Amino acid sequence: MSRGALQPSQQKLAEKFTILNDRGIGMLTRIYNIKKQGQVWKACGDPKAKPSYLVDKNLESVVKFIVRKFPAIETRNNNQQLTQLQKEKSEILKNLSLYYFTFVDVMEFKDNVSELLNTIDACQVFFDVTVNFDLTKNYLDLVVTYTTLMMLLSRIEERKAIIGLYNYAHEMTHGASDREYPRLGQMIVDYENPLKKMMEEFVPHGKSLSDALISLQMVYPRRNLSADQWRNAQLLSLISAPSTMLNPAQSDTMPCEYLSLDCMEKWIVFGFVLCHAVLNTDPAALSLWKLALQSSTCLCLFRDEVFHIHKACEDLFNVHHAKSIKHSFCIHCSGTMHRERRKFLRSALKELATVLSDQPGLLGPKALFVFMALSFARDEIIWLLRHADNIQKKSTDDFIDKHVAELIFYMEELRAHIRKYGPVMQRYYVQYLSGFDAVILNELVQNLSVCPEDESIIMSSFVNTMTSLSVKQVEDGDMFDFRGMRLDWFRLQAYTSVSKASLGIADHRELGKMMNTIIFHTKMVDSLVEMLVETSDISIFCFYSRAFEKMFQQCLELPSQSRHSISFPLLCTHFMSCTHELCPEERHHIGDRSLSLCNMFLDEMAKQARNLITDICTEQCTLSDQLLPKHCAKTISQAVNKKSKKLTGKKGEPEREKPGVESMRKNRLLVTNLDKLHTALSELCFSINYVPNMVVWEHTFTPREYLTSHLEIRFTKSIVGMTMYNQATQEIAKPSELLTSVRSYMTVLQSIENYVQIDITRVFNNVLLQQTQHLDSHGEPTITSLYTNWYLETLLRQVSNGHIAYFPAMKAFVNLPTENELTFNAEEYSDISEMRSLSELLGPYGMKFLSESLMWHISSQVAELKKLVVDNVEVLNQMRTSFDKPEQMAALFKKLSSVDSVLKRMTIIGVILSFRSLAQEALRDVLSFHIPFLVSSVEDFKDHIPRETDMKVAMNVYELSSAAGLPCEIDPALVVALSSQKSENISPEEEYKIACLLMVFVAVSMPTLASNVMSQYSPAIEGHCNNIHCLAKAVNQIAAALFTIHKGSIEDRLKEFLALASSSLLKIGQETDKMTTRNRESVYLLLDMIVQESPFLTMDLLESCFPYVLLRNAYHAVYKQSISSSA
């Protein structure tokens, strides 16, 4: 063919590229399936899965003979050996014809590709991916498709056996070989080592191929950047420059921006392998080559078939390329680079998805960013999948990404935005095409110095097509189809890229770049689905089933990632996009795989949610069963008829066992995992509720828990709503009322089971247990947080203000008569029945949170007390050693500052500890009712700890006891709270000294209480109206906690406290000022209370410090005063 006879328009390059590339993918699909089927035959133990002629041992020698002689045919000299084929020839022809003619099709494809490549060389076609993108991309795609096809063909182990057997059967049947056999046989032999053969074959095509590859030098390095470079450039961020947020995302190389990095690396690696000579002459080529080698260790041939680059290059190239290979073989850093990229993309895609969900209108101007983000993420996911499955020596961090589900999830979210807001994008780009692109293109065409008729007609049609567009078409739902326009542009690229074209695109690059941009805009109007497939299709997971399932399991096991587990069922919707019309038989296989995987994932998610709910809600299930109306009838009767004898009656009643208590008790041992279970459950619920349904291969999947989740949310809101908490007025429902309301609500909800096939009990258990945490699974306040805040900020704050007092005799907080009456009655919220109801509602974990919140307040008070001690440290040191010198003590006492503040803060601590003791007692009562054996076991364990037990072991027992509501000598929650406030700047010795001096400060300050008119002891309430009787609990528990932390002797320090306090109190007996000593006897009683409260002090010890006669007289005096005041 003479070069002069070639007419570009007659060569139909665009059409040939389109057809051959599509057919190449189809041939790859068929060859891949033959290869995989061969592996199945080899691995499968079921004879029915293999053709009989490959199983029959009588034919084994025949097959070996054919393969050994291939491609030669020797039928005459081996009649005896080939006689077995006579029986099977018809079966062989029937079963192997599909495989045989697939190989023939490959040969014909090879012939057509070779012809097209020769035509391109003859036409001296200009290639530049930034200008004639479609032509260059299709050319490079064809080269890579052709190369991978021949490589894949050479990997089919049975190819010679299949072709040879078919041909022998054909000759025996028809008396002659198949007419395609000689060429086919020779091709199989020639391509035993396909790359070496193709390197020879591509010598004449080197110029065109290298030019096309080198045009990537402006694109590939820019795409192959590190995560830090992306981060510095604020890539994909819509909010980094708010002023330009509405500006359209523009680029001179629009289609190159979202071009797959994986695709470019295949072009570069395979391209330069085929024309490797240019690596020695062109630095740009060598730079691209090295960069590609550094990025990956293996490339995807097709689906899960990979090509190990470095090993193959070492085999292909000898000494003259060894240096570049070794230089680029520092692959250990590639894993880190890709890991960091995935980390960046997770945050970038999350930001992008969040902004677009809030402002979907930005999908118009920023569509390019979305498709870039999808393409980048898809490349990184595929890189990880390929390398994790094919690299033997790998770093766990680099090749096992437990957060890959999150990246896929954000990809799916972006895909959903595009599908949902497609009309928004259509409106935007229809106006863009008609109002801007058409005008600019028209100007460019008008300014062309030379424009042949054919090219002029095509470009005029472009302008007319775009000008005729209107928004009304979008509003009317008209279907757009710009495929003809895009094919015309492809044709125009072919016409203008040949060497002797009148209008050379190489000289009119602006036209090429503008048309590439226009083509992108047309795709935004009519090809959004195809664009999603092009940029974000990860159907390759279909062929990595084991890795796919492993990723899913890792996702479910990691609580922070389980919210993204819905990504895996959604991925199954991609699978059908990897099928090809040339291989229709695999559609059913891939479809069935997508259905089975989607079904398995959803089923596993449902099971996981079910198991979590079951584990977490076991106790609440048991409680709901135990709290039926028949069980509370007797309690209600007693409450109505025997109010005055309620407490006495209950003490005498034997505990009634309830069914299922033992099983609940066993589950209660799993306390350490419940927080994790809560998190995992809430995350998984988010995932299950993410989509109402999904369509996989024309099958619709609906997650079963969709409705369940809505009922769960509703029930959660109802429980919180029934608390009737008003932040402005600080009003809240009484716990007993709320408990009754919740039970009633549950009874109503239970009737829904008659209409819907869902398990309402699961909803109840899930919601009620979430209410025992300070926040539920949606981050909203729960009854635990509301009641905790109310008791701390309302009730206990009023106690501190002197409006409420703790009455030990009533075991409740009671309102005091004051000028400003409170809006609530404290007794109605703090008596034993209400505290029990609160314990029922909040459960042990809620009560633990309540305790922790109380302890946080105590720790803040202790921190302030320590500051006051530090301010008076010198005086306190002297007083500590001078308690037996009255005059000196009196002088030193006057130097003390903030005495009242110390006593007030200690009283507040005592009040909080008194409230906690009520809560703990109520919790103990509730747990003793539900799990008496466990509580009695814990109590027995606590009561029999040997004194010499190691403190760490003892604290573990105390923690267990405290969780069961049992009182402990040393409060573990208080120890934990006070331990967390250790100062880094103060040594342990100093901390211990401050703790000792704090006790000294409290002891020497106690006499000042006698002057307070409110310090009078009331026998009726067994306490003081200003709550100073709570000091007994504060002194004992604070001392026990502080000296446990500082490993001091609690007993010695309390003895010292008692000595100082008794010495100080004895001095007020000598005072003559009646105002100073008005409530002296009431204050004396504090010493007795402290000793009675303390497990470390004894009355004998008190007698040695403070005469008992004084206590007796004090009791006599306060009782006498009480009687006289009553009279």
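**Figure 1. The whole chain at a glance.** Buried residues account for 54% of the 1127 residues in the protein chain. What you are looking at is a predicted model. The protein chain is built with 53 helices and eight strands. How much area does the protein chain expose? About 50300 Å² is exposed, and carbon and sulfur atoms supply 52% of it. Among contacts between residues at least 6 apart in sequence, 79% join residues at least 24 apart.

**Figure 2. The nonpolar cores.** Let's go inside, to the largest nonpolar core, which has 221 residues. The residues with the most contacts inside this core are Tyr139, Phe272, Leu349, Phe371 and Phe541. Helix α5 (residues 79–123) gives the core its largest share, 16 residues. Apart from this core lies another, of 125 residues, with Leu795, Met889, Met955 and Leu997 among them. For a closer look at the largest core, pick out Phe272: beyond residues up to four places away in sequence, Phe272 touches Leu213, Trp267, Val278, Leu279, Ala285, Leu288 and Trp289.

**Figure 3. Helix α22, end to end.** Helix α22 covers residues 404–420. Does its length fit the expected span, and what would that span be for 17 residues at 1.5 Å a residue? The expected value is 24 Å, and the end C-alpha atoms are 24 Å apart, so the two agree. Because 14 of the 17 residues of α22 are buried, this helix is largely enclosed by the rest of the structure.

**Figure 4. Asn167 and its partners.** Here we zoom in on helix α7 (residues 159–174), where Asn167 lies. Is Asn167 buried or exposed? With a relative accessible area of 0%, Asn167 is buried. Its side chain makes a polar contact with the side chain of Ser177, at 3.3 Å. Leaving out residues up to four places away in sequence, Asn167 touches Ile73, Ser177, Asp178 and Tyr181.

**Figure 5. Glu192 in a loop.** Glu192 is found in the loop between α8 (181–190) and α9 (194–201). A relative accessible area of 36% makes Glu192 partly exposed. Which side chain makes a polar contact with the side chain of Glu192? That partner is Arg159, at 3.0 Å. Arg159 also appears in the list of residues that Glu192 touches, together with Ser154 and Lys160, when residues up to four places away in sequence are not counted. Leu153 is 39 residues from Glu192 in sequence, and their C-alpha atoms are 9.0 Å apart in space.

**Figure 6. Cysteines without disulfides.** If you are wondering about crosslinks, a search of the whole structure finds zero disulfides. Consider Cys300: the closest cysteine sulfur, in Cys298, is 9.0 Å from the sulfur of Cys300, which is too far for a bond. Cys300 is buried, at a relative accessible area of 7%. Cys542 is in no disulfide either, with the nearest cysteine sulfur, that of Cys578, 5.1 Å away. Cys542 is buried too, and its relative accessible area is 0%.

**Figure 7. Ser560 and Glu683.** The loop between α29 (545–557) and α30 (567–571) holds Ser560. At 43% relative accessibility, Ser560 counts as partly exposed. In sequence, Ser560 and Glu683 are 123 residues apart, yet their C-alpha atoms are 7.2 Å apart in space.

**Figure 8. Ile719 on helix α36.** Ile719 takes its place in helix α36 (residues 705–722). With 1% relative accessibility, Ile719 counts as buried. Beyond its neighbours within four places in sequence, Ile719 is in contact with Leu738, Val742, Val767, Leu768, Gln771 and Ile783. Leu768 is 49 residues from Ile719 along the chain, and the two C-alpha atoms are separated by 8.7 Å.

**Figure 9. Asp776, a buried loop residue.** Our last stop is the loop between α38 (760–770) and α39 (783–800), home to Asp776. Asp776 is buried, with a relative accessible area of 9%. What lies 3.0 Å from a polar atom of the Asp776 side chain? It is the backbone nitrogen of Glu780. Setting aside neighbours within four places in sequence, Asp776 is in contact with Thr716, Gln770 and Thr782.

Notes:
Residues are numbered from 1 along each chain as its sequence is written. This is a predicted model: local features need pLDDT of at least 70, side-chain atom pairs count only at pLDDT 80 or more; totals for chains, interfaces and linings use all residues. Side-chain values use heavy atoms; hydrogens and water are left out. Helices (H or I, at least four residues) and strands (E, at least two) are DSSP runs, numbered from the N terminus. The expected span of a helix is 1.5 Å times one less than its number of residues. Buried means under 20% relative accessible area, exposed over 50%, partly exposed in between (1.4 Å probe, protein chains only). A polar contact is a pair of N or O atoms within 3.5 Å; within protein, one must be able to donate a hydrogen and the other to accept it, and residues adjacent in sequence count only if both atoms are side-chain atoms. Contact means heavy atoms within 4.5 Å. A nonpolar core is a set of buried Ala, Val, Leu, Ile, Met, Phe, Trp, Tyr and Cys residues joined through side-chain atoms within 4.5 Å. A disulfide is a pair of cysteine sulfur atoms within 2.5 Å. Accessible areas come from the Shrake-Rupley method with a 1.4 Å probe; for residues, only the protein chains shown count as cover.
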